[in-house]
Amino acid sequence: MSSTPSHPDDADCFMCGLEETTEESAVVFRDPLWTAQTVPGYDVPGWFVLRARRHAERITGLDDTEAATFGRRARDLVAAVTEATGAPATYLVVFGENHPHFHALITARGAEVPADRRSGDLFRLRTEAADPAAAAALVPTVREAYARFAASGATAGAA
């Protein structure tokens, strides 16, 4: 399914471009509104982008259906990434400065990550820990866990 341009700048939007260029092997899930995937340039193992499929600028650009479904998709993806990586912390971050198209970055923070690379400093790992092959290798495990969480409505630790 292709996104329908809704803004004159869509052609230059990095996130919109992913709609056409993403290999299926990088996709955790895709539904009519959302895609979760690994993204070139952010290919640290355990990092995934959850993005609106149509061009919506920032969270304020989401329509009612997108806004109503974002929380569930984000919750289930965070649970799947946490389970697949065993990370003691998984962050969900929304900035939107470099790419105003609404998306969230889900980042697993492993126990091996030193204290000076935690919280906001985790983003230094974007270049320091980039490993496209290892990031891609996690996709099937996260995809399987996401499908289970999405189908059950359950989250990690909710039993």
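Let's start with helix H4, whose buried residues (under 20% relative accessible area with a 1.4 Å probe, protein chains only; exposed means over 50%, partly exposed in between) are Ala 135, Leu 138, Val 139, Val 142, Ala 145, Tyr 146 and Phe 149. Keep in mind that this is a predicted model, in which local features need pLDDT of at least 70, side-chain atom pairs count only at pLDDT 80 or more, and totals for chains, interfaces and linings use all residues. Residues are numbered from 1 along each chain as its sequence is written, and side-chain values use heavy atoms, with hydrogens and water left out.

Helices (H or I, at least four residues) and strands (E, at least two) are DSSP runs numbered from the N terminus. The cover over the buried residues of H4 includes E1, E3 and H2, where contact means heavy atoms within 4.5 Å. H4 has a kink of about 30 degrees centred on Pro 140; the bend at a residue is the angle between axes fitted to the seven residues ending there and the seven starting there. Just past this helix, Gly 153 adopts a positive phi of about 75 degrees.

Now turn to H2, which runs over residues 64-85. At its N-terminal end, Asp 63 acts as a cap, with a side-chain oxygen 3.1 Å from the backbone nitrogen of Thr 65. H2 is kinked too, by about 30 degrees, with the centre on Phe 70. Its buried residues include Phe 70, Arg 73, Asp 76 and Leu 77, and among the elements covering its buried residues are strand E4 (89-93), strand E5 (103-109) and helix H4 (132-152). Gly 86, just after H2, has a positive phi of about 70 degrees.

What do these elements build together? The largest nonpolar core (a set of buried Ala, Val, Leu, Ile, Met, Phe, Trp, Tyr and Cys residues joined through side-chain atoms within 4.5 Å) has 26 residues, and those with the most contacts inside it are Val 28, Trp 34, Phe 48, Leu 50 and Leu 77. Two or more residues come from each of E1, E2, E3, H2, E5 and H4. Val 28 is a good place to look: leaving aside residues up to four places away in sequence, its contacts include Phe 48, Leu 77, Val 139, Val 142 and Tyr 146. A second, separate core of 13 residues includes Cys 16, Leu 18, Val 39 and Leu 105.

Finally, visit the loop between E3 and H2, where Arg 58 lies. Arg 58 has a positive phi of about 60 degrees although it is not a glycine, and it is partly exposed, with a relative accessible area of 42%.

Notes. The expected span of a helix is 1.5 Å times one less than its number of residues. A polar contact is a pair of N or O atoms within 3.5 Å; within protein, one must be able to donate a hydrogen and the other to accept it, and residues adjacent in sequence count only if both atoms are side-chain atoms.
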